[in-house]
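Here are some notes for a colleague opening this structure for the first time. Please keep the 3D view at hand while reading.

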Amino acid sequence: MEELLFTILRRALGFADRHEKLPSEVFPVSKASASQTLHDAPQPDWQSVIELLRSHALLAVSADAILSLPEEQRPSPVLQMQVMQYAASVTQMHHKLNSVVSEVFAMLHDAGLHPVLLKGQGLAPLYPMPYTRSCGDIDIFLLPEEFQQGCRMIFDYCDMPGESTQPLPNNIHLTAHKDDDVKIEIHYLPADTAISDISDEYNRWLMDNFRHLPSPTQRNVPTVPPVQVNVVYVFEHILKHLRSGGVGLRQFIDWMMLLHAGKDTIDHNLLRHDLQRFHLLDAWQVFGGILVYQFGLPESEFPLWNARKARHSQGRNLEYILFSGNLGATLGHYKGYYYLPPSFRRDILALRYSLRYQSFMYHVLPYDTPRRVMGDIKRVLTNQIKRLKNKK
Amino acid sequence: MKLKYKFYFQHLGDQWLGVPVGEESSNLNAMLHLNDVGHDIAEMLTSDTDREAIIAMLLDNYDAERSVVETYVDESLNSLREQGLLDS
């Protein structure tokens with residue numbers, strides 16, 4: 001199933017080898033007996049593949065590749081319709097979000113502010129079909145000296161005039177809602193980082209880079225972080241999700257599309273310096289393996305490629321990523337665990353995966369590991385105590 | 001005549017998906033599922049046009065008998081009208 005998933009994704013993103021065929025074990029046409037036609041040959045478990053793509057926020061991205069397969073290899077008509085409906089809903093959401101982005105940035109630029117569009121909506125244009133990248137909310141960063149004014153303007157725009165613009169403890173953004181279905185996260189800090197020991201320094205570095213961005217060419221066009229900085233920012237965000245509940249393959253693809261876009265412009269020496277400064281170089285070189293081995297990014301496009309380290313991204317580590325899903329969407333659902341009851345048993349299973357994963361992460365990013373392990377154990381015990389109390 | 005709603009057309013596999021977008025889109029719980037000819041017709045209908053102009057465009061773009069094209073266009077327009085997607 002994984003092999004089919006990655007083949008579909010490579011095709012969808014334009015990184016498939018021109019001659020690459022679909023995996024023979026999922027389309028074993030050659031094993032069909034002489035009396036069998038192509039239509040009799042066993043079909044792959046499309047339902048599972050589609051569920052996995054959905055849980056990694058990649059179903060819409062894959063829609064074109066799935067629907068471009070020869071007719072006899074495609075999912076059933078019902079599943080095809082589900083894929084199209086999903087792609088349609090993602091496209092519709094993009095139009096809504098982009099319309100809000102356009103209005104908000106025009107408004108803030110007119111007021112002389114310097115907002116920066118972070119993450120999703122700023123990354124979608126890098127995809128071959130931008131409107132198919134799953135989207136959720138709009139992340140806008142405002143410089144500290146512009147935060148109060150910009151935040152007030154956004155709340156007013158969202159018809160939330162009385163909302164407090166004071167930063168919250170233990171958070172990095174305030175949230176505004178436009179028309180119930182568009183969420184805007186207004187960041188006063190760019191990153192809630194996995195590397196807590198150097199969080200302040202990392203945020204200062206990001207803000208310094210965001211402060212000196214060129215002015216936009218048009219008032220309603222958002223400013224996005226420069227690729228040189230964004231590749232680090234997006235990668236660090238992957239680590240944050242990996243360590244706190246699960247990461248979707250879509251985040252790896254965001255990272256890959258950025259690297260692909262910056263293949264001729266990224267300064268490798270500067271990048272090495274920045275990654276070393278924030279203790280991210282080992283992890284960078286390990287997880288690069290997923291981009292090259294699974295998604296087909298040419299090694300030459302991955303800065304600071306190290307094949308020896310990249311091999312560590314495979315096997316159990318890749319399995320954990322598939323297991324966890326976007327924001328932990330598939331945690332406990334992967335490989336038949338879906339059928340286990342939502343109970344202590346499932347928690348223990350997730351914990352086992354997590355601990356195994358943290359022990360691996362200790363080698364590439366040791367700073368937070370002990371705290372994360374304690375956090376995982378505490379979460380399982382707390383859940384269990386809650387269940388026992390509810391039973392009583 | 002023209003389409004009553006704004007659509008974004010996306011090519012998926014060997015077909016076209018028309019997704020309603022813009023302010024009015026929440027009033028329409030539907031999507032268009034089109035082949036290449038249907039997409040050409042729908043694209044023309046994004047701005048004001050008439051039956052004859054659509055037929056002329058298809059005769060320019062496709063190697064087909066006029067009578068076949070006329071029947072196809074009439075069926076397509078009727079179908080859109082029945083779904084309430086045309087403004088006249």
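The points below go from the overall make-up to single residues.

1. **Status and overall make-up.** This is a predicted model. Chain A has 15 helices and 4 strands. It runs to 392 residues, and 53% of them count as buried. Take the contacts in chain A between residues at least 6 apart in sequence: 67% of them join residues at least 24 apart.

2. **Helix H1 of chain A.** Start with residues 2-13. At 1.5 Å a residue, these 12 residues should span 16 Å, and the end C-alpha atoms are indeed 16 Å apart. The helix is mostly covered, with 9 of its 12 residues buried. The buried set is Leu4(A), Leu5(A), Phe6(A), Thr7(A), Ile8(A), Leu9(A), Arg10(A), Ala12(A) and Leu13(A). After H1(A) comes Gly14(A), with a positive phi near 80 degrees.

3. **Leu9(A), a residue to click on.** Leu9(A) belongs to helix H1 of chain A. Its relative accessible area is 0%, so it counts as buried. Which residues does Leu9(A) touch, leaving out those up to four places away in sequence? They are Leu53(A), Leu58(A), Ser62(A), Ile253(A) and Phe295(A). Ile253(A) is 244 residues from Leu9(A) along the chain, yet their C-alpha atoms are separated by 9.4 Å.

4. **Helix H4 of chain A.** This helix covers residues 77-110, which makes 34 residues. From first C-alpha to last, H4(A) reaches 49 Å. That is close to the 50 Å expected at 1.5 Å a residue. Gly112(A) follows H4(A) and has a positive phi, near 80 degrees.

5. **Helix H7 of chain A.** The 13 residues 199-211 should span 18 Å at 1.5 Å a residue. The end C-alpha atoms are 18 Å apart, so expectation and model agree. Buried in H7(A) are Ser199(A), Tyr202(A), Asn203(A), Trp205(A), Leu206(A), Met207(A) and Phe210(A).

6. **Aromatic rings.** Over all chains, the structure holds 18 aromatic pairs. One of them joins Phe252(A) and Trp255(A), with 6.5 Å centre to centre and 55 degrees between the planes, a tilted arrangement. The two residues are 3 apart in helix H9 (residues 249-261) of chain A, so about one helical turn separates them. Both Phe252(A) and Trp255(A) are buried. They also belong to one aromatic cluster, together with Phe235(A), Trp284(A), Phe287(A), Tyr293(A), Phe302(A) and Trp305(A).

7. **A charge over a ring.** Look next at Lys178(A) and Tyr157(A). The charged end of Lys178(A) sits over the ring of Tyr157(A), 4.3 Å from the ring centre.

8. **Cysteines.** How many disulfides does a search of the whole structure find? The count is 0 over all chains. Why is Cys135(A) not bonded to Cys158(A)? The sulfur of Cys158(A) is the closest cysteine sulfur to that of Cys135(A), but at 16 Å it is too far for a bond. Cys158(A) is in no disulfide either; its nearest cysteine sulfur belongs to Cys151(A), 9.8 Å away. Cys158(A) has a relative accessible area of 6%, so it is buried.

9. **Two residues with positive phi.** Most residues other than glycine have a negative phi. Asp179(A) has a positive phi, near 55 degrees. Asp179(A) is placed in the loop between strand S3 (173-178) and strand S4 (182-187) of chain A. Is Asp179(A) buried or exposed? With a relative accessible area of 55%, Asp179(A) is exposed. His279(A) is not a glycine, but its phi is positive too, at about 55 degrees. It lies in the loop between helix H10 (268-277) and helix H11 (281-294) of chain A. Its relative accessibility is 32%, so His279(A) counts as partly exposed.

10. **Where chain B meets chain A.** The contact involves 14 residues of chain B and 17 residues of chain A. About 1300 Å² is buried between the two chains, and carbon and sulfur atoms give 67% of that area. Which residues of chain B lose the most area to chain A? They are Gln10(B), Leu12(B) and Met31(B), which together make up 34% of what that side buries.

Notes. Residues numbered from 1 in each chain as written. Chains lettered and ligands numbered in written order. Predicted model: local features only at pLDDT ≥ 70, side-chain atom pairs only at ≥ 80, totals over all residues. Heavy atoms only, no water. Expected span 1.5 Å × (residues − 1). Buried < 20%, exposed > 50% of the residue type's maximum accessible area, 1.4 Å probe, protein only. Phe/Tyr/Trp six-rings, centres within 6.5 Å; stacked < 30°, edge-to-face > 60°. Lys NZ or Arg CZ within 6 Å of the ring centre and 35° of its normal. Disulfide = S-S within 2.5 Å. Contact = heavy atoms within 4.5 Å. Buried area = accessible area lost by both parts, 1.4 Å probe.
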